[in-house]
Amino acid sequence: MTTSDAPTRAGAAATQEAEAWRPLVVGLGGTTRANSSSERAVRAVLAEARAAGAETEMFAADQIEFPMYAPERPARVPHATAFVEAVRRCDGLVVASPGYHGSLSGLVKNALDYVEDLRDDERPYLHGRAVGCVACAYGWQATTTTLVALRAVVHALRGWPTPFGIAMNSAEPVFADDGSIASEAVAGQVRLLGQQVVEFANAFHATR
Ligand SMILES: Cc1cc2nc3c(=O)[nH]c(=O)nc-3n(C[C@H](O)[C@H](O)[C@H](O)COP(=O)(O)O)c2cc1C
């Protein structure tokens, strides 16, 4: 290699590395019941994030049944540690909650409380991560109040709620029996949310 080649090769290597980089998007949501509509919603958004170039990891149902978060008790169950470690590594999240009495469920909120364990990180809490939010409820009213509450939690955790969020009314036919999305309108919303999380992750990564 000549001296004059060196910068070119270094530049090419940097370009290759940038092209190889793929954001990690973590999904959180659902209820204690496997395949709940909120779990299906997260899985659908993660599929769109993968189509947009991301790698994904999913935490749902019994994987997020953690003990009540207690900052004074440092012991963590293994699946809570796995979740916190995934959030530590991730570049974006997709969070879906059922609307329970007009707000997010205790299960999802408790899992989000565990993000407190990242407070002393170089990237504390959800710093620098886009978060796509989905609220599922049996009627429009709780979809909107839950979506607003979810976004407020993401803001408190220093995350960036995506401009688009999904209010999903489970009283309408959203999913087919095989779990696929039956509504063309909802399918478009899911695609947009997955894309926005990945676009933000790529843009934020480019600034680092
Ligand atoms: C404890 C509890 C509280 C609920 N509260 C509301 C509510 O306030 N408004 C509403 O529209 N639906 C409410 N629901 C219905 C869920 O939001 C609805 O079934 C949602 O689609 C959750 O679906 P999933 O369990 O399939 O994720 C409630 C359900 C439960 C179990």
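Strand β3 is mostly covered in this predicted model, with eight of its nine residues buried. The strand spans residues 92–100 and pairs with several other strands. On one side of the pairing pattern, β1 and β3 run parallel and are joined by five bridges; Leu28 has Val95 of β3 as its bridge partner. Seven bridges connect β3 to β5, and these two strands are likewise parallel. Within this pairing, Val94 is matched with Gly132 of β5.

The pairing of β3 with β4 (residues 103–104) is antiparallel and consists of two bridges. Here Tyr100 stands opposite Ser103. The two strands form a hairpin with two residues between them, and His101, in the turn, has a positive phi of about 55°.

The largest nonpolar core contains 52 residues, among which Val25, Val45, Val94 and Val134 touch the most other members. The largest contribution to this core comes from β5, which supplies seven residues. In soluble globular proteins, nonpolar side chains tend to be buried together. The surroundings of Val134 were examined further. Apart from neighbours within four places in sequence, Val134 is in contact with Ser38, Ala41, Val42, Val45, Ala96, Ile166 and Met168. Val45, one of these contacts, is also among the core residues that touch the most other members.

Helix α6 comprises 23 residues, from 184 to 206. At 1.5 Å a residue, a span of 33 Å is expected for this helix, and the C-alpha atoms at its ends are 33 Å apart, so the two values agree. The buried residues of α6 are Gln189, Val190, Leu193, Gly194, Gln195, Gln196, Val197, Val198, Phe200 and Ala201. These buried residues pack against the strands β1 (24–29), β3, β5, β6 (160–161) and β7 (166–169), and against the helix α2.

The ligand is surrounded by 16 residues, of which the closest are Ser36, Ser37, Pro98, Ala142 and Ser170. Two or more residues of this shell come from each of α2 (37–51), β3 and β5 (130–137). The most is given by β3, with three residues. By residue class, the shell holds nine polar residues, six nonpolar residues and one charged residue.

Taken together, β3 recurs across these descriptions: β3 is joined by bridges to β1, to β5 and to β4, the buried residues of α6 pack against β3, and β3 gives the most to the shell around the ligand.

Note on methods
Residues numbered from 1 in each chain as written. Predicted model: local features only at pLDDT ≥ 70, side-chain atom pairs only at ≥ 80, totals over all residues. Near = placed C-beta within 6 Å. Helix = DSSP H or I, 4+ residues; strand = E, 2+ residues; numbered from the N terminus. Nonpolar A, V, L, I, M, F, W, Y, C, P; charged D, E, K, R; others polar. Expected span 1.5 Å × (residues − 1). Buried ≥ 20, exposed ≤ 12 C-beta atoms within 10 Å, placed from the backbone. Contact = placed C-beta atoms within 7 Å. Core = buried A, V, L, I, M, F, W, Y, C linked by C-beta atoms within 7 Å. Pairing = 2+ DSSP bridges.
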